[in-house]
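Here is a set of short questions and answers on one protein model. Keep the sequence and the 3D view open while you read.

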Amino acid sequence: MEGWKCDNLGNLFELISGATPATEIKDYWSGDIVWITPIDLNKISHIHINGSARMISKKGLDNCSAKLIPANSLVMSSRAPIGYLAISTIDYATNQGCKSLVLKDERKHSVYFHFFNLIFNMKKIKELGTGTTFMEVSKKDISEVEINFPESLTEQRKIAEILTTLDDAIQQSEQVIAKQKNIKAGLMHDLLTYGIDQNGNIRSPQTHSFVEKKGLLVPEQWEVEELGSVIVRITTGSANTQDKVQDGKYPLFVRSNTIEKSNKYIFDGEAVLTSGDGIGVGKIYHYHNGKFNFHQRVYCIYDFKESQLFGKYFFEYFKNNFYAEISKQSAKTTVDSVRMAMITEMLIKLPEFAEQRQIVSILEAQDELITAEENKLSKLLKTKQGLMHDLLTGKVRVENNDECLMING
């Protein structure tokens, strides 16, 4: 391709392996030199790394085969696992689980371009891994990996600029999602503990009356009931795994609480489902999309007593603590199967029906914000995947002028 070149990494980078100072010598540790391991690389959520969980001293560096690597170098995990990658913003050293790639000629190459180019080519590198206990790729094998790149430094930089901007948007979206989920967690705690007063505000122990009922502290307007008194029906399914077909049109809930497909349905309506045993024990799912089928060891909880228990409130109340509540009804320290009596004997804090609906409405509004941001993130990730392919194969070329960045296909 005109303007592009193919070369191996060993010609573009000096590859440097890491090492670990003797752990029993205290003077080698807790110094001022960043010492990066694959665990450190796994913890970063963006392009850069600027610190590490453990630091080594100059004495520790001098007494092992590790080297001090200059900032603006690429650092990659080469084992356990292969493929974590970052650009270091500070001078650093690594352990033997990492390889550093230091550009030989920064006048001709952009480290940011090659960051994205290495990610794009990471599958090639991973396939070179060998080992029995864990996969590892050698410095020699990495150095022989061939990559394509534009000879123009300007084009490299513009590609990196586009992908970095997109990465920034992805990181920002991830941060918004994390923030909104934290808000949801706080709302769930407050709403399911204090509820909403007649003025639409979350109650406070300082301004409202709370009383103990059946061992649980609740607003005086609430009741505490066993589930068996407010749920009309809990049943198990009769579906056999042989009933499911590849092109079936009905959801089939199996014991792991994953959704497969069935060629028939035995239930039509809203329900909360939970596994009676297996890896799905303790997880609950709210389903309201109509017809579905379920395995004989899946409990289907439905037909809540009208004006006493709202199905979605039940789901929100137990979503994060169903396993813990079931465990209280078990003589075992670890629950590996669920009996119907365990469910019916669980206690639930019960506001009036209208307040339950208010609580659910607030939580659903928060869920909508989270879902909208998750959809945005999904689109950004798909855009990045497509752009990386187009820009890093030369299918789409970029050029720069004084007014704008143009992407020419």
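Q: In which loop does asparagine 121 lie, and is it buried or exposed?
A: This is a predicted model, where local features need pLDDT of at least 70, side-chain atom pairs count only at pLDDT 80 or more, and totals for chains, interfaces and linings use all residues. Residues are numbered from 1 along each chain as its sequence is written, and side-chain values use heavy atoms, with hydrogens and water left out. Asparagine 121 sits in the loop between helix H4 (111–120) and helix H5 (122–126) (helices are DSSP runs of H or I, at least four residues, and strands runs of E, at least two, numbered from the N terminus). Its relative accessibility is 9%, so asparagine 121 counts as buried (under 20% relative accessible area is buried, over 50% exposed, in between partly exposed, with a 1.4 Å probe and protein chains only).

Q: Which residues touch the most other members of the largest nonpolar core?
A: Such a core is a set of buried Ala, Val, Leu, Ile, Met, Phe, Trp, Tyr and Cys residues joined through side-chain atoms within 4.5 Å. This one has 40 residues. Helix H7 (residues 153–193) gives the most to it, seven residues. The residues with the most contacts to other members are Leu9, Leu74 and Ile125.

Q: Which strands stand at the edges of the open sheet E14-E21-E18-E19?
A: The four strands pair antiparallel in that order (a pair needs at least two DSSP bridges). Inside the sheet, four bridges join E18 to E21, and valine 272 has isoleucine 301 of E21 as bridge partner. A strand with a single partner has one side left without a neighbour in the sheet, so the edges are E14 (231–236) and E19 (284–287).

Q: With which side chain does the side chain of histidine 286 make a polar contact?
A: Histidine 286 is part of strand E19. Among the residues it touches, beyond four places in sequence, are Val272, Lys312 and Phe315 (contact means heavy atoms within 4.5 Å). A polar contact is a pair of N or O atoms within 3.5 Å; within protein, one must be able to donate a hydrogen and the other to accept it, and residues adjacent in sequence count only if both atoms are side-chain atoms. At 2.6 Å, the partner is glutamate 270.

Q: How many Å apart are the end C-alpha atoms of helix H12?
A: H12 covers residues 353–392, 40 in number. The expected span is 1.5 Å times one less than the number of residues, so 58 Å is expected. The computed distance agrees: 57 Å.
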